[in-house]
Amino acid sequence: MSTPSLAALPIRRLTLRDLTACADLSEDRGWPREEHKWGLLLAAGKGFGIDDPEGGLVTACVVTEYGSWERTDLGAIGMVLVAERHARRGVGRRLMRHVVSTMGTTPLTLHATPNGLPLYEELGFKVTGRAEMVRGHFTPGGPESGVLTRAATAEDLPSVLRLDEEVFGVDRTPLITRLPAFADQLRVAEEDGRIIGYAAAWPNMDTHVVGPLIARDTETAQALITSLAARTERPLRTDIDTRHEDLLTWAKARGLASVTFNAVMTYGITVLPGDWTRRFAPLTVAAG
């Protein structure tokens, strides 16, 4: 029997049953397997992929939808991967066109690597910002912060959800409510009994990723990172909006080195909703 062409292979929805195949695809492209992150994205979002007749996946991606039960206000596209043996044959373009078509009029966002940028621009995505990934062992220092942080409790969840929606601009309840189980740490910053910021640290291979990082100001963001770092021996990794120059300078002074930059892109909107001045880092660039 002849092998069907890539153009004839059907695109299907992925589920948690495909987690190993997705991790294998990551590894095939030289990325970490990131099974913990794949598990969250496949549970909270919608996966799309094409099966390889010879086994595994030809390509995959995940869309995380935000908004009310009645309407999706924003979709974040991430983990767009094509197996090395099928690269540069148009299959990634086909998958992305399918996803964009499936999402209809819903505004979209993604973080693009330099390699992926030309494809996304071809599809109509526009660069609206940048994020810088920094990584390293955190070294505490400087004057002690006056910002109070503590471990989040179940009673904090409604306040965290309200703050997150206010800052992010759309409702992310299905994702944020998974944080207590997904993250190793979830901490809040508090002033006069009111939550003014929150951050999580979740395990990803040998690091702890800091995200989301939502804070009233840079000082609050610094206090949250410091409090997370004090409770882990792993290197920290986070993706900071480059407009937060003071936080990036501070993080680099404390041992976190620049790794790479990603372009923040949008489709159907010219600017992301919410308040970027309090949105310092995403949960993961794959989820916007």
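The legends below describe close-up views of a predicted model. In this model, local features need pLDDT of at least 70 and side-chain atom pairs count only at pLDDT 80 or more, whereas totals for chains, interfaces and linings use all residues. Residues are numbered from 1 along each chain as its sequence is written, and side-chain values use heavy atoms, with hydrogens and water left out.

**View 1. The buried face of helix H1 and its surroundings.** Helices (H or I, at least four residues) and strands (E, at least two) are DSSP runs, numbered from the N terminus. In helix H1 (residues 19-28), the buried residues (under 20% relative accessible area, 1.4 Å probe, protein chains only) are Leu19, Cys22, Ala23, Leu25 and Ser26. Seen down the axis of H1, these residues fall within an arc of 155° (taken from the directions from the helix axis to the C-beta atoms), so they line one face of the helix. Among the elements that cover them are strand E1 (11-14), helix H2 (35-44), strand E3 (57-67) and E4. Just after H1, Gly30 adopts a positive phi of about 85°.

**View 2. Positive phi at Met79 and Arg88.** Met79, which is not a glycine, has a positive phi of about 55°; Met79 belongs to strand E4 (residues 72-82) and is buried, at a relative accessible area of 6%. Arg88, also not a glycine, has a positive phi of about 60°; this residue is placed in the loop between E4 and helix H3 (91-103) and is exposed (over 50%), with 71% relative accessibility.

**View 3. A cis peptide bond before Pro212.** The bond from Gly211 to Pro212 is cis, its omega being near 0°, and Pro212 lies in strand E10 (residues 207-215).

How values were computed: Contact means heavy atoms within 4.5 Å.
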